[in-house]
Amino acid sequence: MKLQTILKAIRKADQDYSLIEPKDKLAVALSGGKDSMLMFLALSMYQKFEGKDFELCGIHVSIADHPEQDKLMQEFADKYHLDLHIEKTKIYDILNMEKNMKDGRIQCSLCSNLKKGVLMETAKNLGCNKVAFGHHGDDAMETLLMNMIHGARVSTFSPKQYMSRMDMTMIRPFVYLTEEQIIEVCRINQIPSVKPVCPNDGHSERQTMKEMLESIYRQYPDAHKNFMKALTNREADALWDPRKVRESGQTCADDTDQYQKQSC
């Protein structure tokens, strides 16, 4: 699979959601993982598309002292002439404080909030107005499941979201891509990635959601494609809005859901 596949998906997401506008300055949230490393390179190529007048830089929030990982990311940036900023922090030490531990484990939510705070502040100081994250379609489905299971909400992250408190817009150019596509492109193009510093890697709630979805996909091969489509197929939604139910007076959809009709 070629990088053109990635660029095509970025362009479609950009056209659908107006992710990148003239004179934008984007900061790529560079974790060092395959998703963000590929996005950093792909967006630098997307800059060359006709009519794409925007600036680009990468920001890596280093939560601990790991010079070999910082070195790999810097070498990657230098190879492709990319502008990378590495912010050193003491976040790992803060997370390991007893008062910040939960059941003997680092809190994922606290880690995320601390890193995001440093990321947004750094982006602001660099004159950026948008931060690009490497979240893809599979991430969106995992988030949807977590919100339903733990938060009683049918929701996931948005391709574009404005944060008024920071006066910063978050964008996700990879929303039309799957993890499998990203892995394949990184393999073919020899795009490196660094091992996560997080001790919870592979043992998080998100990993549980990933394994649950993979089990469904094995049993129902079409589910992956249909789940991705469902994220944008708003016309087919048949959720319980009390106002709509009262107004319609129907207990069964007219013709939008064949499985629901069979059970009525």
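The exercises below work through strands, salt bridges, backbone angles and a surface patch in a predicted model.

Residues are numbered from 1 along each chain as its sequence is written. Because the model is predicted, local features need pLDDT of at least 70 and side-chain atom pairs count only at pLDDT 80 or more, while totals for chains, interfaces and linings use all residues; side-chain values use heavy atoms, with hydrogens and water left out.

**Exercise 1. The sheet**

Task: State the order of the strands in the open sheet and find which strands stand at its edges.

Solution:
1. Helices (H or I, at least four residues) and strands (E, at least two) are DSSP runs, numbered from the N terminus. Two strands pair if DSSP finds at least two bridges between them.
2. The open sheet has 6 strands in the order S3-S2-S1-S6-S8-S7, and its pairing is mixed.
3. The edges are strand S3 (84–88) and strand S7 (160–163); each has a single partner strand, so one side of each lacks a neighbour in the sheet.
4. From one strand to the next, the twist averages 25°. For such angles, axes are lines fitted to C-alpha atoms (for helices over the stretch in contact), and the angles run from 0 to 180 degrees between N-to-C directions.
5. S2 and S3 run parallel and are joined by 5 bridges. Gly 58 has Leu 84 in S3 as its bridge partner.

**Exercise 2. Strand S1**

Task: Determine whether the residues of strand S1 are buried or exposed, and which strands S1 is joined to.

Solution:
1. Buried means under 20% relative accessible area, exposed over 50%, and partly exposed in between (1.4 Å probe, protein chains only).
2. In strand S1 (residues 25–29), 5 of the 5 residues are buried, so the strand is largely enclosed by the rest of the structure.
3. Burial applies to both faces: Lys 25, Ala 27 and Ala 29 lie on one side, Leu 26 and Val 28 on the other.
4. S1 runs parallel to strand S2 (residues 55–62), with 5 bridges joining the two. Opposite Lys 25 stands Glu 55 in S2.
5. S1 also runs parallel to strand S6 (residues 130–132), with 3 bridges. Here Leu 26 stands opposite Lys 130.
6. Together, S1, helix H2 (residues 34–46) and S2 make a right-handed β-α-β unit. Right-handed means that, with the strands pointing away from the viewer, the path from the first strand over the helix to the second runs clockwise.

**Exercise 3. Salt bridges**

Task: For the salt bridges of Glu 21, Asp 53 and Glu 179, name the partner of each.

Solution:
1. A salt bridge is a side-chain nitrogen of Lys or Arg within 4 Å of a carboxyl oxygen of Asp or Glu. The structure holds 14 of them.
2. Glu 21 meets Lys 130 at 3.0 Å, N to O. This pair links distant parts of the chain, 109 residues apart: Glu 21 is in the loop between helix H1 (3–17) and S1, and Lys 130 is in strand S6. Glu 21 is partly exposed at 37% relative accessibility, whereas Lys 130 is buried at 2%.
3. Asp 53 meets Lys 23 at 2.8 Å, N to O. Asp 53 lies in the loop between H2 and S2 and Lys 23 in the loop between H1 and S1, so the pair ties together parts 30 residues apart in sequence. Asp 53 is partly exposed at 39%, and Lys 23 is exposed at 66%.
4. Glu 179 pairs with Lys 210, the closest N and O atoms being 3.0 Å apart. Glu 179 is in helix H7 (residues 179–188) and Lys 210 in helix H8 (residues 205–219), 31 residues apart. Glu 179 is buried at 17%, and so is Lys 210 at 16%.
5. Glu 179 and Lys 210 also belong to a network of salt bridges that includes Lys 34, Asp 35, Glu 142 and Arg 206.

**Exercise 4. Positive phi**

Task: Locate Ser 18 and Gln 190, and give the phi of each.

Solution:
1. Most residues other than glycine have a negative phi.
2. Ser 18 has a positive phi of about 50°. Ser 18 is in the loop between H1 and S1 and is partly exposed at 39%.
3. Gln 190 has a positive phi of about 55°. Gln 190 lies in the loop between H7 and H8 and is exposed at 68%.

**Exercise 5. A nonpolar patch**

Task: List the residues of the nonpolar surface patch and place Leu 239.

Solution:
1. Patches are made of residues with over 30% relative accessible area and no salt bridge; like charges are joined within 9 Å, nonpolar side chains (Val, Leu, Ile, Met, Phe, Trp, Tyr) within 5 Å. Accessible areas come from the Shrake-Rupley method with a 1.4 Å probe, and for residues only the protein chains shown count as cover.
2. Met 148, Ile 149, Val 154, Met 212 and Leu 239 make a patch of about 480 Å².
3. Leu 239 is in the loop between helix H9 (223–230) and helix H10 (242–248), and is exposed with a relative accessible area of 57%.
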